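Please open the model in a viewer and keep the selection tool at hand. The tour below proposes what to select at each stop and describes what is found there.

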Amino acid sequence: MGREKKSFSAVKYIFFGFNVFVWLLGCGVLAVAIWLWASRGPSTAVIPTYSFLSASSLCIISSVIILIIGFMGCCGAFLENQCLLIGYFILVLLVFALEITAGSLGFVMKDKIRDVIYKELASGIKYDYRTEVQLNDQSKNNSFYDRDARGWSTSLDTLQRDLQCCGVDNHTDWYNIQAWPNEQKVPDSCCIHPSINCGFGDPSLWHQRGCLEEVEYWFTRNMYILGVTGVTIGSVQILIMVAAVAQFCYIRSKRFPL
């Protein structure tokens, strides 16, 4: 009995410490979400139509879920509360099931998802992108639209700089867009060596590969890392669910001995 009690205490405090870490992680994610929302607006994403999939929105949703899980885990372990432990188990199980479902749907519907992303990126470039000068002019009339357009434009520029790409298929996607009708130029983020107004002139100075191709290549190149990360997260979730059930069973057996 003494050994069993010591084992339970060890599991209890490890479980408690882990969930304290989870709760602190949730606080960190929430802080990042607030910063993104305040600094770049709701459209910190590269898909304008689906603004709820922006970085700030996803961070807020994730942080709330993480905070709830961490809080329930800490309180359930420390107070030895069976209801909180069961609620914790159910919530983690739902998140785990959601991850499996999302991953499966993403794999099965990858071609359809690719088409949606392609259309949204192409439409965003043609109709939603704004230069810094245009954004400053619009901010005088509509500050919310300015934040929305600025978030989209900044996200796309960052994507092109980081992945060293230009447009969806290639640099011609930027020709004659709404931001500069009747002009065959690209934003400075398309340039191999970015500088002011480098988007005018010689196309050989611009990145030749489209961003959609680069995103696909990035996922292919990092598939092993993504797979290991997914398996690791899934394994941790299974372990903490087992730990929650073990604590629940021990507490129940202690309160209602056979």
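A helix, as the term is used here, is a DSSP run of H or I with at least four residues, and helices are numbered from the N terminus. With that in mind, select Met109, which is placed in the loop between H3 and helix H4 (110–128). The model that contains this loop is a predicted one.

**The whole chain**

Next, select the entire protein chain and colour it by secondary structure. Eight helices and zero strands make up its secondary structure, and the order along the sequence reads α-α-α-α-α-α-α-α. The chain has 258 residues, of which 34% are buried. Among contacts with a separation of 6 or more, 65% are between residues 24 or more positions apart. The exposed surface amounts to about 15,400 Å², and carbon and sulfur atoms supply 68% of that area.

**Confidence**

Now colour the chain by pLDDT. The average is 81, and 82% of the residues score at least 70. Where is confidence lowest, and where is it highest? The lowest mean, 62, belongs to helix H5 (residues 132–139), whereas H3 has the highest, at 89.

**The surface patch around Met109**

Return to Met109 and add Leu105, Phe107, Val108 and Ile113 to the selection. Together these five form a nonpolar patch on the surface, with about 500 Å² of accessible area. Helix H3 (residues 82–108) contributes the largest share of the patch, namely three residues. Why is Met109 counted as partly exposed? Its relative accessibility is 33%, and the partly exposed class lies between the limits of 20% and 50%.

**Annotated spans**

Select residues 12–38, 50–79, 86–109 and 224–251 in turn. An unreviewed UniProt entry annotates these spans as "transmembrane region". Residues 12–38 are 100% helix and 0% strand, with end C-alpha atoms 39 Å apart. For residues 224–251, the distance between the end C-alpha atoms is 40 Å, and this span is also 100% helix and 0% strand.

**A salt bridge between distant parts of the chain**

The count of salt bridges comes to four. For one of them, select Glu80 and Lys12, whose closest N and O atoms are 3.1 Å apart. Glu80 belongs to the loop between helix H2 (55–79) and H3, while Lys12 is in helix H1 (residues 2–40); the pair is 68 residues apart and links distant parts of the chain. Are these two residues buried or exposed? Both Glu80 and Lys12 are buried.

**A network of three residues**

For the last stop, select Arg209, Glu213 and Glu214. Arg209 and Glu213 form a salt bridge in which the closest N and O atoms are 3.2 Å apart. A salt bridge also joins the side chains of Arg209 and Glu214, at 2.3 Å from N to O. Through these shared partners, Arg209, Glu213 and Glu214 become one network.

How do the three members stand with respect to the surface? Arg209 is partly exposed because its relative accessibility is 39%. Glu213 is likewise partly exposed, with a relative accessible area of 38%. Glu214 has 11% relative accessibility and therefore counts as buried, since the limit for that class is under 20%.

Note on methods: Residues are numbered from 1 along each chain as its sequence is written. This is a predicted model: local features need pLDDT of at least 70, side-chain atom pairs count only at pLDDT 80 or more; totals for chains, interfaces and linings use all residues. Side-chain values use heavy atoms; hydrogens and water are left out. Helices (H or I, at least four residues) and strands (E, at least two) are DSSP runs, numbered from the N terminus. Buried means under 20% relative accessible area, exposed over 50%, partly exposed in between (1.4 Å probe, protein chains only). Contact means heavy atoms within 4.5 Å. Accessible areas come from the Shrake-Rupley method with a 1.4 Å probe; for residues, only the protein chains shown count as cover. Patches are made of residues with over 30% relative accessible area and no salt bridge: like charges are joined within 9 Å, nonpolar side chains (Val, Leu, Ile, Met, Phe, Trp, Tyr) within 5 Å. UniProt positions are given in the numbering used here, feature names are shortened, and annotations may be inferred rather than shown by experiment. pLDDT is the predictor's confidence in each residue, from 0 to 100.
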